[in-house]
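This report describes how the parts of one protein model are arranged and what surrounds one of its ligands. Please look at the sequence and structure below before reading on.

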Amino acid sequence: MDFSFSEEHLMIRQAARDFAQNELLPGVIERDEAQKFPTEQIKKLGELGFLGMMTDPKYNGSGMDTLSYVIAMEELSKVDASTSVVVSVNNSLVCWGLEAFGNEEQKQKYLTRLASGEVIGAFCLSEPEAGSDATSQKTTAIDKGDHYILNGTKNWITNGGTADIYLVIAQTDREKGHKGINALIVEKGMPGFEIGPKENKLGIRGSDTHSLIFNDVKVPKENRIGEDGFGFKFAMKTLSGGRIGIAAQALGIAAGAYELALKYSKERKAFGTEIANHQAIAFKLADMHVQIEAARNLVYRSAWDKDQGKNYDLSSAMAKLYASQVAMDTTVEAVQIHGGNGFVKDYHVERLMRDAKITQIYEGTSEIQKIVISRSILKD
Ligand code: CAA
Ligand code: FAD
């Protein structure tokens with residue numbers, strides 16, 4: 001067992017840390033308040049190779065391992081989770097999904113542009129009546145020979161307005177249940193494809209969340225990912241990797257809040273001493289430190305499972321469940337350690353607390369992770 005980082009991992013951590021401090025921190029509060037998408041920052045992240053980190057260089061990716069990806073996700077999320085969710089969706093849901101299950105033509109046509117950051121992608125599974133219950137797809141993709149006709153509504157789609165390429169899950173044959181679901185590549189601008197209004201959110205307000213409406217959208221059959229009926233498995237397999245990215249995001253939010261709380265507790269004085277000298281505060285810091293380290297181990301373990309070609313359905317669900325709880329608990333305590341200053345925007349921890357909540361909801365709620373975990377351990 002080796003707990004040390006390679007030179008390459010250390011370089012990636014430093015590059016992501018520098019980017020977060022120099023490019024994300026300035027303006028992060030204003031972007032949150034104005035719900036402003038980090039357009040310039042995403043463009044630069046693409047140029048630096050952070051949008052196709054795990055993609056093969058032959059498709060314009062950076063060819064790195066999953067551990068590199070989670071290291072970068074942690075560092076970016078310490079400062080700006082609105083930006084890191086864009087990185088996560090593009091890397092682990094869109095690029096990885098296409099690379100693992102798309103055909104060569106689809107990779108040449110779409111993946112090369114997504115991995116370089118020339119365009120960004122969106123992953124569209126959720127619907128008004130199919131969130132956790134993802135097999136209950138109401139969106140239909142009716143087989144018309146050489147194309148599908150797509151009808152329905154997706155909601156909560158990250159990068160909904162800014163993406164150019166959308167991976168859309170839809171039901172082709174209802175009688176076959178989840179085996180009658182397909183995943184289609186849909187391009188912005190296809191006739192009948194409309195983007196709904198942007199959501200006004202509690203957290204990750206700089207990210208761009210929309211509903212999508214499909215009215216008789218004609219999608220060529222060559223845009224189907226995998227065999228007929230593979231769409232639900234595509235979504236599940238892709239989400240297992242996505243959950244590693246969101247677990248790393250949660251870890252980063254927790255670690256960012258902890259670092260701020262640690263610094264503040266050594267500066268702020270009350271009753272004639274730094275508040276860190278009050279045991280009630282020191283114990284909070286001790287709890288945070290232990291929980292973050294435990295979360296980090298689960299996140300790294302899941303990334304390692306994936307890199308080793310092992311099954312990571314269980315470890316990714318465990319990492320996401322635990323890291324998102326740690327993100328919530330740590331950010332609440334970080335606000336508490338900051339006292340009144342924790343309640344205002346300038347100190348960042350209130351934003352981190354608001355951002356933490358989404359990690360318990362998207363890419364499968366905490367209750368859904370417990371379903372995945374309990375089914376896995378009971379089966380074994
Ligand atoms: N890999 C491969 N196949 C899988 C799988 C996996 N990880 N998980 C399930 N399947 C297969 C099952 O084997 C089954 O196929 P067979 O019948 O051939 O065996 C099929 O999928 C259906 O599985 P279940 O019977 O377990 O289905 P279920 O209705 O009980 O639901 C669930 C399972 C785990 C709850 C699933 O519906 C789920 O994950 N729900 C949460 C949805 C979700 O995570 N949405 C996230 C949207 S994307 C997003 O949120 C992005 C973002 O915010 C940034
Ligand atoms: P519901 O499924 O209605 O769940 C409501 C509550 O019931 C939850 O607490 C849930 O855990 C619980 N519950 C449901 N079923 C069970 C059960 N069987 N046992 C126990 N408890 C249960 N989706 C995409 O496809 N792509 C995206 O890019 C995307 N981005 C998102 C971004 C944001 C900001 C948000 C808020 C959501 C995003 N989502 C996206 C959707 C997200 O994945 C769903 O919100 C999530 O899966 C939960 O679905 P739901 O909101 O319909 O809640």
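## Domains and a ligand shell

The domain assignment divides the protein into domain 1 (7–120), domain 2 (122–229) and domain 3 (232–378). The model is a predicted one. Between the C-alpha centres of domain 1 and domain 2 the distance is 22 Å.

Where domain 1 meets domain 2, 23 residues of domain 1 are in contact with 19 residues of domain 2. On the domain 1 side, at least two residues each come from helix H2 (28–34), helix H5 (81–101) and helix H6 (104–115). H5 gives the largest share of that side, with 10 residues.

The second region is the shell around ligand 2, which has 23 residues. Ser126, Gly131, Ser132, Thr365 and Glu367 come nearest to the ligand. Strand E1 (121–124), strand E3 (147–158) and helix H11 (366–379) are the elements that give two or more residues to this shell. Domain 2 (122–229) and domain 3 (232–378) each supply at least three residues of the shell around ligand 2.

The table lists the residue classes for both regions.

| Region | Nonpolar | Polar | Charged |
|---|---|---|---|
| Side of domain 1 that touches domain 2 | 13 residues | 6 residues | 4 residues |
| Shell around ligand 2 | 12 residues | 7 residues | 4 residues |

Which domains each give at least three residues to the shell around ligand 2? They are domain 2 and domain 3.

Notes: Residues are numbered from 1 along each chain as its sequence is written. Chains are lettered from A and ligands numbered from 1 in the order in which they are written. This is a predicted model: local features need pLDDT of at least 70, side-chain atom pairs count only at pLDDT 80 or more; totals for chains, interfaces and linings use all residues. Domain bounds come from an automatic or database domain assignment. Two residues are in contact if their C-beta atoms, placed from the backbone, lie within 7 Å. Helices (H or I, at least four residues) and strands (E, at least two) are DSSP runs, numbered from the N terminus. Ala, Val, Leu, Ile, Met, Phe, Trp, Tyr, Cys and Pro count as nonpolar, Asp, Glu, Lys and Arg as charged, and the others, Gly among them, as polar. A residue is near a molecule or strand if its C-beta atom, placed from the backbone, lies within 6 Å of it.
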